[in-house]
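Let's take a look inside a protein chain and see what can be found there. Have the sequence and the 3D view ready as you read.

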Amino acid sequence: MPAIADLSVEELDQQLESIRQEYEAFRARGLKLDMTRGKPAADQLDLAAGMLALPGNRDHFTEAGEDARNYGGLQGLPEARALFQTLMGAPADRIVIGDNSSLALMHDTLVWALLKGVPGSVRPWSREASPAFICPVPGYDRHFAICEEFGIRMLPVPLTGEGPDMDQVEALARDPAVKGMWCVPKYSNPSGEVYSDATVERLARMQTAAPDFRLFWDNAYAVHHLTEERRAIPNILDLCAAAGHPDRAFVFASTSKITLAGAGLALFAGSDANVRWYLARAGKRTIGPDKLSQIRHVRFLRDDAGLQRHMDGHRRLLVPKFDAVADALEARLGGTGAARWTKPEGGYFITVDGMDGTARRVVELAKAAGMALTPAGATSPHGQDPHDRTLRLAPTFPSLDEVKTASEGIALCILLAGLEKRRAEIG
C-alpha cells in the first residue's frame with residue numbers, strides 16, 4: 001500500500017473500506033490473546049526446571065559451613081554475590097542479594113531516601129521542597145508508579161537512540177530539587193536502546209545541584225541478548241568513582257527473567273557508603289533473605305560462563321517471536337507511514353510509534369478484536385503520552401503461533417487507526 005499521506009480522498013476511502021472489512025473478519029475469529037506484560041513463557045521457565053530439585057536433601061550448608069536454613073546473612077552469601085560480580089559490575093563485597101524482586105529493592109531505597117536521606121544528604125528527601133526525578137521517555141511504567149505513589153515530580157526527557165537527551169538531563173540536574181533519575185541503560189524498557197559510552201560517561205561526570213543525587217540504574221536486561229553479539233556498556237560505578245561522584249549510582253538487577261521469575265534473586269550494588277547505608281536500613285526490615293534460593297542459583301548457574309550459556313537458551317526461544325512481530329509490522333505497515341518501530345538487540349519489548357493521536361484507538365481496536373495490549377500512555381509519566389502514539393508490545397509470554405496471529409492483528413489495527421486519523425484530518 002502507498003504512503004497514507006499520499007493517498008487521494010477517493011483512494012483513502014477505498015483503503016478504509018477494505019481494511020475495515022479485514023478488521024471485521026479478524027475480529028470475528030473470537031481470539032483471546034495477551035501482549036501486555038513482559039513475562040517469560042513456560043518454555044523459558046523450563047530452562048531452569050533443574051533448579052526445582054536444588055539444593056537437594058541435606059544440601060543446605062554454605063561454603064563457609066553455615067546452615068542456610070537459619071536466620072542471618074543480610075548481605076547475601078559470599079558465593080552467591082561472587083556469582084554476579086560480572087553482571088553487577090562490582091566486587092562481591094559491594095553487592096547485596098535480596099529476595100526475588102528488584103522492583104522491591106528500588107521501592108525500598110526510594111522510600112528510605114525519602115524518610116532518612118542517603119549518604120551525602122543534608123536532610124531526608126521528603127523534607128526537601130518538591131523533590132523530582134528525571135524520567136527518560138518512553139520508560140518503564142512501574143518506575144513511574146513508584147514516583148507517583150510518593151508524590152515525586154517526574155520530569156520527562158526524550159530518548160535519542162543512544163540514551164536520554166543529555167543536554168536536557170544536565171539542564172534539569174542544575175535544580176537542587178532534582179534528586180534522581182531512572183535509567184534502564186541496556187536494552188531499555190520499552191525502546192530496547194542501549195546507552196552509548198558517551199551518554200554513560202556524561203551521566204557519571206555531570207554536575208548536579210543536589211549533592212545527594214542518585215542514578216537509579218536498573219540493569220534489568222544486562223544479559224538478555226537477542227543477537228549473538230553481547231552488547232556491553234561502560235561500568236557506571238567505576239565511571240562515577242573516577243569522576244569524583246562515587247556514591248552517585250544505585251545499581252539494580254535480578255534473576256527474575258534469567259531463572260524462575262517468581263523465585264529469583266534481587267541484586268543491589270553501589271559504593272561502600274551506599275552498601276553500608278542500604279544494609280543499615282534493611283537490617284530494620286528483615287533478619288535475612290532466602291539463602292536456600294541463593295544456594296540453588298549457585299549450584300545451577302555455577303559461574304558467569306554458566307549464566308551466559310543459560311541466557312543463550314532464552315535467546316533461541318525468543319528470537320523467533322521478535323522476528324514474527326517485525327515481519328508482521330513490515331508486511332502490513334512498511335512504506336505506509338502509519339508507524340515506525342524498534343528492532344531491539346535485547347530485552348523484552350518492541351516499541352511502536354503510530355501516527356500522532358492513534359495509540360488509544362489502536363488499543364481500543366485491539367481489545368475489540370480479542371487482543372490485550374499495554375494501555376496507551378503507560379510508557380509516559382502519569383500514563384499520559386502527550387502525542388498519543390507510543391505502544392509497547394510484549395511478545396515473550398504467548399506462544400509463537402499466538403505471537404504471529406497477534407502481530408498480524410495489531411498491525412491491522414495500527415493501519416486502520418492511521419487511515420481513520422488521516423481521513424478525519426482531510427475532513
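To sort residues into classes, Ala, Val, Leu, Ile, Met, Phe, Trp, Tyr, Cys and Pro count as nonpolar, Asp, Glu, Lys and Arg count as charged, and the others, Gly among them, count as polar. Keep in mind that this is a predicted model.

Now for the hollow spots. The count comes to two cavities of 30 Å³ or more. Here they are side by side:

| Cavity | Volume | Lining by class |
|---|---|---|
| Largest | about 90 Å³ | nine nonpolar, four polar, no charged residues |
| Second largest | about 30 Å³ | four nonpolar, four polar, one charged residue |

Which residues are closest to the centre of the largest cavity? Of the 13 that line it, they are Pro-136, Gly-139, Tyr-140, Trp-182 and Val-184. Helix α6 and strand β5 (178-183) are the elements that give two or more residues to this lining.

The second largest cavity is lined by Thr-374, Pro-375, Ala-376, Gly-377, Ala-378 and Thr-379, along with Thr-390, Leu-391 and Arg-392. Go through those names with the classes above, and you get four nonpolar, four polar and one charged.

Helix α6 turns up again when you follow the strands. Strand β3 (residues 132-137) and strand β4 (residues 153-158) run parallel, and six bridges join them. One pair to find in the view: Phe-133 has Met-154 in β4 as its bridge partner. To get from β3 to β4, the chain passes through α6 (residues 141-149), and this β-α-β crossover is right-handed.

Terms used:
Residues are numbered from 1 along each chain as its sequence is written. This is a predicted model: local features need pLDDT of at least 70, side-chain atom pairs count only at pLDDT 80 or more; totals for chains, interfaces and linings use all residues. Side-chain values use heavy atoms; hydrogens and water are left out. Two strands pair if DSSP finds at least two bridges between them. Helices (H or I, at least four residues) and strands (E, at least two) are DSSP runs, numbered from the N terminus. A crossover is right-handed if, with the strands pointing away from the viewer, the path from the first strand over the helix to the second runs clockwise. On a 1 Å grid over the protein atoms alone, a cavity is a set of points where a 1.4 Å probe fits but cannot get out, and a pocket is an open set with protein on both sides within 12 Å along at least five of seven lines; lining residues have an atom within 4 Å of a point. Grid points are joined across faces, edges and corners, and a volume is the space filled by probe spheres set on the points.
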